[in-house]
Amino acid sequence: MSRDPVDYLHGTLETLILKTLTRGPNHGYAIARWIEDAIDDAFPVEEGSLYPALYRMEKKAWVEAEWGTSELGRRVKLYRLTREGRRQLASDTVAWAAFSTAITRVLARG
Amino acid sequence: MKKLLRSWLWHVPVDREVQEELAHHTELRARELAEQGMEPAAARAEAERRLGDRAALAKRLQHLGEERDRARRRAQWLSDLRLDLGVAIRHARRNPGFTAGVVLTLALGLGATTSIFSVVHAVVLAPFPYAAPERVLSVYTTWKGSNGGTSAGNFDYLRQRVTTIAPLSAAAFSSFNLAGDDQPERILGLRATASWFDVFEIPPLIGRTFTATEDQPGHEHVAVLSHGLWKRRFGGRADAIGATLRLNNEPYTVIGVMPPAFASITDEASVILPIAFTPERLAMYDEHYLEMYGRRRPDVSQAQVNDELARVAADLRRDHPEQNVDRSATSERLDEAIVGDFRLRLVVLLLAVSMVLVIACGNAAHLLLARLAARSRELSIRAALGAGRGRIVRQVLAESLVLALLGGIAGVVAAWWALPALIAAAPDGVPRLADASLNGRVLFVAVLLAIASAVIVGVLPSWSATNRNLRQDLGDGKGTVSGTLVPWLRQALIAAQAAIVVIVLAGAALLIRSAINLQEVPLGFDTTGVLRARVGLQGDRFRSSEAVKNAFASLEARLSASPGVSVSALDSQAPLVGSNGSNGLIPEGRPIDMASIINSRSHFVTPGYFRLLRQPLRAGREFAAADLRSAPLVMIINETLARQAFGTLDPIGRRISCCEGKPGEPSWKIVVGVVGDVRSRGPAQDPLPEFYLPLAQIPEVAWSWINNTLDVMVRAAEGDPIALAGTIRSAVAELDPTLPVYAIRTMDEGLRRSTAQARFNTVLMTLLALTGLILAALGIYSLIAWLVAQRTREIGVRMALGAAPSRVVRQVVAHGLRPFVVGLLSGVAAAMATGRLLQGQLFMVGPRDPATLMVVVAVLLVVAALAALVPARRATRIDPAQALHEA
């Protein structure tokens, strides 16, 4: 049985959000869309996990929010990467690379 | 800073934030789906479907959001605090003079407070080491209303009938010769009933306490050691249990060791032995030598206990009328009995100390106010730039807190240094003082004090910092903290300080007057050049009173013949030593019953006694070598006793019954001389009726009253009498090398000790008062200096217009002194009210002594004027041209 990719997403969503925000402040929907594009719609980014992740990251001060104006001309909450967020992304990236290399090596073994 | 600002502006409530965000999300999703060709209604439905359970998600987000805001506020508060503290520390470091001023002021106040508090805590507040202290009682029989000891017969009578106290125990202090490897040692011991341990419910540290069986004659050779003696004699080893101790040459088996805390109850007694009443002893109702201790039953009140004691005592008077006329019984809590005398003194000290602390806080507030005046522009600008009143108050509070904590630390260090000095300076006999230490509770109170002072010191300035008209501050360059509030505050502070200083200073002055009065009181004898030691003859060789008598006679003869000794004498209780042996005397011509008795201090002396003390003979003759037991029995009395016994009649040749009579069978002694009164208990105490018997004539039983112990005194032919200590030691050693000599002390030293307690209090109060005076002077100084700084321009103008410098000085000083004088006058009124607290410690001076108060006021005025003059003179050196230019 093939596994649902969402299982792999779990735990890395926050890293993906951080990566998204390196392109500049953005609102929740845009973040979701950008991730979906980047992974070629391999799986949907669930609102039910996206927004709680954003709030948690706010609490951890990896991102901070401010009110801006959306493409609809409405007030919208924009998320911006903080210095702590940038630092977290860097360490997540290193950790992920090490992790995936290790897993790949194990799986490649005869 | 940007972040702070943003968080202040971030005011959207969390629920709206969540709703808007989710609405925005679904709208964008629906629009995108529609662009891909979906029906608008279907697109909206699909967007909504992808959101899942919207209400649940919203609720979850709201919860997360609130959590996030809480965390953020906490972080904000902490970072603000860090910021404030950082600023405060920078300020403190950038103004070392100011910081040192505040810190030293507080250190003085806090240091005095914590060290005195430590003493009060140890002596009064610390709980006693036994269970349920409110039920442990000291039980007395009273005679004519004053508390006293109890006879074995009376104790037994009470023990059998009193039901509200269980158990009721008895004990008596006694001293023992403890034989040792090299030097014999004289130790204080306690003989107690077995029930005595049950009263306190303190288990022994090791071993056991004695049983009721061991508290029987013939079984009583067991000993429980104090912790101190165990450490000293046995090095704290467990094998002390079972060891043998030779006390007064009799063997005692060690069965237990009490814990160290027990010392506060037993008055440093080194051993506790069974009292083992004999049946004969229990039949004696007349010798009141026992102290009683009991534990009140938990179901009765203290009043019920005393009611029952009074009832049973009435029965006792009925059953044994001869020995118990005017006798009753009562009880009080033991801890109060031990601490009682000291409580008021220490509370007075604590009060004075708190006052000094208040003065210190007031001074710190002065300094902060002055600094605030200097910074008023800075604070105004910050307020104008949007710093809230809360932020500014917190900033100023943080600065005060930093200063107070520094002051608190410095204060604790000062107390840590001062406390041992305080304990060392204290006289003997302050209960539990040795336990005083800067313990956790004391430190806690010290830190509380520091924080309280921070609030006191911080609230006033920050209140004034925010109660100002900002525009006015910015409009004219002059520091408008001088508007209306701060000068008023500072004047109120000065007035309060003046009032408090008067109270403390007046108290100290009254104590100093008392100390001077004490020194000028004639004692009635000459203390200089006299050395005294105590010698007790115990052991097999001294079983008979004849042997004791002979031994003392040969000791005195040996001393008289020693080089450097001009005269020697013996006394059962030399003046200023503090034992309290007395006998009931009945003068000739009065009915032979209890109502005629005059209680008088007894002295059993050798013929050289009055010559040695230079105690004047008012009438008749001194004792002579011929006054032997076989000759007519004679007596010498002091003037007080002569007056009480015979009024204006000539006492010489009249007879007084004392000491060895039986009921109905008086034993007469002829009065052969009258000597001048002596203040035996120190200069603060009035003379008592005293009588003297020749040692050669005292009845045999009297030797057991005084436990074969006498004071040996020698007067030096010249020089310091302490040089004769070796002479006394070797004379005693020649008698018997195992005999200890103890309490070798010059009479001058004894005099100093008798007034030590009063001196200790006086010194402490004087130190406190001086501290207060210095602080108050600093307060005046800083007020005037600040006034001069504030009015530099005005003074410059006036001097430019030709005002004489002396006139300027007068005006500035008058301005500063006015509130001081107002405070001074209210302080005098307060001092007259509080003087009453000192009543018990005053000697020949009233608590409202007008001369003392006048001197205090005069001293304060002079000091205040001097403190004001220094900065005021600076005003005259103001250069008008420069002052005007700067303006």
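Start with chain B and colour it by secondary structure: you'll find 28 helices and 22 strands. Keep in mind as you click around that this is a predicted model. Chain B has 887 residues, and 42% of them are buried. If you look at contacts in chain B with a separation of 6 or more, 82% are between residues 24 or more positions apart.

**Stop 1: a strand on the inside**

Now select residues 690-694 of chain B, which is strand 20. Is it enclosed or open? Five of its five residues are buried, so strand 20 is largely enclosed by the rest of the structure. Show the side chains here. Glu690(B), Tyr692(B) and Pro694(B) point one way, while Phe691(B) and Leu693(B) point the other. That fits the usual pattern: in a regular strand, side chains alternate between the two faces of the sheet. Here both sets of side chains belong to buried residues.

Next, bring up the neighbours of strand 20. Add residues 598-605 of chain B, and you have strand 15, which pairs with strand 20 in the parallel sense over five bridges. To find your place in this pairing, look for Arg601(B), which stands opposite Glu690(B).

Then add residues 634-638 of chain B, strand 17. This strand runs antiparallel to strand 20, and two bridges join them. Your landmark here is Ile636(B), opposite Tyr692(B).

**Stop 2: a pair of helices**

Hide the strands and select residues 14-35 and 40-51 of chain B, which are helix 2 and helix 3. Their axes are 8 Å apart, and the helices pack at an angle of about 135 degrees. Helix 2 and helix 3 of chain B are therefore oblique to each other. Rotate the view to follow the crossing, which is right-handed. On the helix 2 side, the residues making the contact include Leu22(B), Thr26(B), Arg29(B) and Leu33(B). From helix 3, look for Pro40(B), Arg44(B), Glu48(B) and Leu51(B), among others. By class, this contact has eight nonpolar, one polar and five charged residues.

**Stop 3: where the chains meet**

Finally, show chain A alongside chain B. Here 18 residues of chain A are in contact with 20 residues of chain B. Which elements of chain A give two or more residues to this side? Select helix 3 (28-38), helix 4 (47-59) and strand 2 (75-81) of chain A. Helix 4 of chain A gives the most, with eight residues. Colour the chain A side by residue class, and you'll get six nonpolar, four polar and eight charged.

Note on methods: Residues numbered from 1 in each chain as written. Chains lettered and ligands numbered in written order. Predicted model: local features only at pLDDT ≥ 70, side-chain atom pairs only at ≥ 80, totals over all residues. Contact = placed C-beta atoms within 7 Å. Helix = DSSP H or I, 4+ residues; strand = E, 2+ residues; numbered from the N terminus. Nonpolar A, V, L, I, M, F, W, Y, C, P; charged D, E, K, R; others polar. Buried ≥ 20, exposed ≤ 12 C-beta atoms within 10 Å, placed from the backbone. Pairing = 2+ DSSP bridges. Axes fitted to C-alpha atoms, helices over the stretch in contact; angles between N-to-C directions. Parallel < 35°, antiparallel > 145°, perpendicular 65-115°, else oblique. Left-handed = near helix turned anticlockwise from the far one by under 90°.
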